[in-house]
Amino acid sequence: DDLIKHVHKDHVIHLASAPHPCHWQGCDRHRTGHNFEQIYHLVCHIRSHTGKGQFRCPFEGCGKSYSTASGLKFHLIYRHTSERKYECRITGCGKSFAVSCVRDKHE
């Protein structure tokens with residue numbers, strides 16, 4: 001698709017080293033300073049701005065969409081399931097999480 005080629009050529013390819021910020025006007029990640037360590041992740045993120053490769057949450061009223069199937073899967077598990085099988089390993093904490101990486105960040 002021409003739009004994806006343009007964005008990659010003119011807005012992504014020149015970035016040689018991390019961190020890789022999103023410069024899309026109005027992007028929350030740019031406003032908050034959340035950068036990407038890998039260009040691939042920035043390219044996937046830019047798809048969310050272009051509307052290409054959208055994976056939309058099927059839950060009514062949610063409205064979230066992702067540029068990758070794995071992003072949607074993570075969202076569905078993290079936000080729309082009550083299963084919390086990853087317990088915090090800190091003695092006495094008692095919190096549990098739907099995905100292990102969130103538990104690891106918590107600890």
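What span should the twelve residues of helix α3 (residues 39–50) have at 1.5 Å a residue, and how far apart are its end C-alpha atoms? In this predicted model, the expected span of helix α3 is 16 Å, and the end C-alpha atoms lie 17 Å apart, which agrees. Several residues of α3 are buried, namely L42, V43, C44, H45, I46 and T50. An α-helix has 3.6 residues a turn, so residues three or four places apart point the same way.

Two of the buried residues of α3, L42 and I46, also belong to the largest nonpolar core, which has five residues. The other members of this core are C22, C27 and F36. In soluble globular proteins, nonpolar side chains tend to be buried together. Contacts of C27, not counting residues up to four places away in sequence, are made with C22, H45 and H49. One of these partners, H45, is itself among the buried residues of α3.

Charged pairs were examined next. Side chains of opposite charge can pair when their charged atoms come close. A search of the whole structure finds three salt bridges. In one of them, R89 pairs with D104, with the closest N and O atoms 3.0 Å apart. R89 lies in the loop between β3 (86–87) and β4 (96–97), whereas D104 lies in helix α5, so the pair ties together parts that are 15 residues apart in sequence. R89 also forms a salt bridge with E107, the closest N and O atoms being 2.6 Å apart. Because E107 lies in the segment after α5 and R89 in the loop between β3 and β4, this pair ties together parts that are 18 residues apart in sequence. A further salt bridge joins R103 to D104, with 3.1 Å between the closest N and O atoms. R89, R103, D104 and E107 are thereby linked in a network of salt bridges.

The members of this network vary in accessibility. R89 counts as exposed because its relative accessibility is 55%, over the 50% cut-off. D104 has a relative accessible area of 39% and is partly exposed, as is E107 at 33%. R103, by contrast, has a relative accessible area of 11% and is therefore buried, the limit being under 20%. R103 is found in helix α5 (residues 100–106). Apart from residues up to four places away in sequence, R103 touches Y86, E87, C88, R89 and F97. Its contacts thus include R89, a residue that is linked with R103 in the salt-bridge network.

The cysteines were then considered. The count comes to zero disulfides. C62 is in no disulfide, and the nearest cysteine sulfur, that of C57, is 3.7 Å away. A disulfide requires sulfur atoms within 2.5 Å, so this separation does not qualify. C62 counts as partly exposed, with a relative accessibility of 25%. For C88, the closest cysteine sulfur is that of C93, at 3.7 Å, which is too far for a bond. C88 is buried, at 10% relative accessibility, and is one of the residues touched by R103.

How values were computed. Residues numbered from 1 in each chain as written. Predicted model: local features only at pLDDT ≥ 70, side-chain atom pairs only at ≥ 80, totals over all residues. Heavy atoms only, no water. Helix = DSSP H or I, 4+ residues; strand = E, 2+ residues; numbered from the N terminus. Buried < 20%, exposed > 50% of the residue type's maximum accessible area, 1.4 Å probe, protein only. Contact = heavy atoms within 4.5 Å. Expected span 1.5 Å × (residues − 1). Salt bridge = Lys/Arg side-chain N within 4 Å of Asp/Glu carboxyl O. Core = buried A, V, L, I, M, F, W, Y, C linked by side-chain atoms within 4.5 Å.
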